[in-house]
Amino acid sequence: MNEHISMRVNSARLSGIKGRTVRLPCKVLRLSDDIAIVEASDGGQVEIQRKNVDVTATYVEVIGSVVDASTIKAMATLPLDSEGELDMQLVNDVIELTFESRFDKLFPRYKETETSMPTH
């Protein structure tokens, strides 16, 4: 089952999971041709490599592979926009709760021994 996990993370959780697929709820700050700079739910900035991936909303969830502690290579984005602002503090609180051991059965995570995959 671990091969199908895509954990929801904030910027602080990117460290140590290079090569893994994650979901990053974020606010888009800047867009250029193939790069987006976003603010994660914990306030940290992350660079999104978005070649051939459209970003069509202010708030999105980036689904992608972790390149390093501050970069994700996007596979897709999902718009999270609603009528106005998204409560990013609440989003971050939920993300942090999913990392608590009491919720292990509800929110599978990468095992410690699996945290970094070799790059090909």
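**Entry 1. Arg13 and Glu96**

I looked up Arg13 in this predicted model and found its relative accessibility to be 30%, so I entered Arg13 as partly exposed. The partner of Arg13 in a salt bridge is Glu96, and the closest N and O atoms of the two lie 2.6 Å apart. I then checked where the two residues sit: Arg13 belongs to the loop between β1 and β2 (21-31), whereas Glu96 belongs to helix α1 (residues 88-98). The pair is 83 residues apart and thus links distant parts of the chain. For Glu96 I noted a relative accessible area of 29%, which makes Glu96 partly exposed as well.

**Entry 2. The chain as a whole**

I next recorded the overall fold. The protein chain contains one helix and six strands, and I read their order along the sequence as β-β-β-β-β-β-α. Of its 120 residues, 36% count as buried. I also looked up the contacts between residues at least 6 apart in sequence, and 53% of these join residues at least 24 apart. The exposed area comes to about 7300 Å², with 50% of it supplied by carbon and sulfur atoms.

**Entry 3. Arg8 and Glu61**

How many salt bridges does the structure hold? I found four. One of them is formed by the side chains of Arg8 and Glu61, at 2.4 Å from N to O. This pair, too, links distant parts of the chain, since I located Arg8 in strand β1 (residues 7-8) and Glu61 in strand β5, 53 residues apart. The contact between the two side chains also appears as a polar contact at 2.4 Å. As background I noted that side chains of opposite charge can pair when their charged atoms come close.

Is Glu61 buried or exposed? I entered Glu61 as buried, because its relative accessibility is 5% and the cut-off for a buried residue is under 20%. Arg8, at 38%, counts as partly exposed. The bridge therefore joins a buried residue, Glu61, to a partly exposed one, Arg8.

**Entry 4. Surroundings of Glu61**

I placed Glu61 within strand β5 (residues 59-68). Leaving aside residues up to four places away in sequence, I listed what Glu61 touches: Arg8, Arg23, Leu24, Pro25, Ala76, Thr77, Leu78 and Leu80. The low relative accessible area of Glu61, 5%, is consistent with its entry as buried.

**Entry 5. Arg102 and Glu100, and a shared network**

I looked up a further salt bridge, between Arg102 and Glu100, whose closest N and O atoms are 2.6 Å apart. Arg102 has a relative accessible area of 59% and so I entered it as exposed. Glu100, at 31%, counts as partly exposed. Elsewhere, salt bridges that share partners join Arg8, Arg23 and Glu61 into one network.

**Entry 6. Strand β4 and its partners**

I turned to strand β4 (residues 45-49) and compared its two faces. Val46 and Ile48 make up the covered face, while Gln45, Glu47 and Gln49 make up the uncovered one.

Which strands pair with β4? Strand β3 (residues 35-40) runs antiparallel to β4, and five bridges join the two. Within this pairing I noted that Glu39 has Gln45 of β4 as its bridge partner. β3 and β4 form a hairpin with four residues between them. In that turn I found Gly43 with a positive phi of about 90°.

The other pairing I recorded is that of β4 with β6, in the parallel sense and over three bridges. Here Gln49 has Lys73 in β6 as its bridge partner. Gln45 and Gln49, both on the uncovered face of β4, thus appear in my notes with a bridge partner each: Glu39 for Gln45 and Lys73 for Gln49.

**Entry 7. Ala69**

Last, I looked up Ala69, which lies in the loop between β5 and β6 (71-79). Its relative accessible area is 43%, so I entered Ala69 as partly exposed. Not counting residues up to four places away in sequence, Ala69 touches Ser11, Leu14 and Ser15. I also took the separation from Ala69 to Glu47: the two residues are 22 apart along the chain, and their C-alpha atoms are separated by 9.8 Å. Glu47 is one of the residues on the uncovered face of β4.

Notes:
Residues numbered from 1 in each chain as written. Predicted model: local features only at pLDDT ≥ 70, side-chain atom pairs only at ≥ 80, totals over all residues. Heavy atoms only, no water. Buried < 20%, exposed > 50% of the residue type's maximum accessible area, 1.4 Å probe, protein only. Contact = heavy atoms within 4.5 Å. Areas by Shrake-Rupley, 256 points an atom, 1.4 Å probe, with all protein chains shown as cover. Polar contact = N/O pair within 3.5 Å; in protein donor to acceptor, adjacent residues only side chain to side chain. Pairing = 2+ DSSP bridges.
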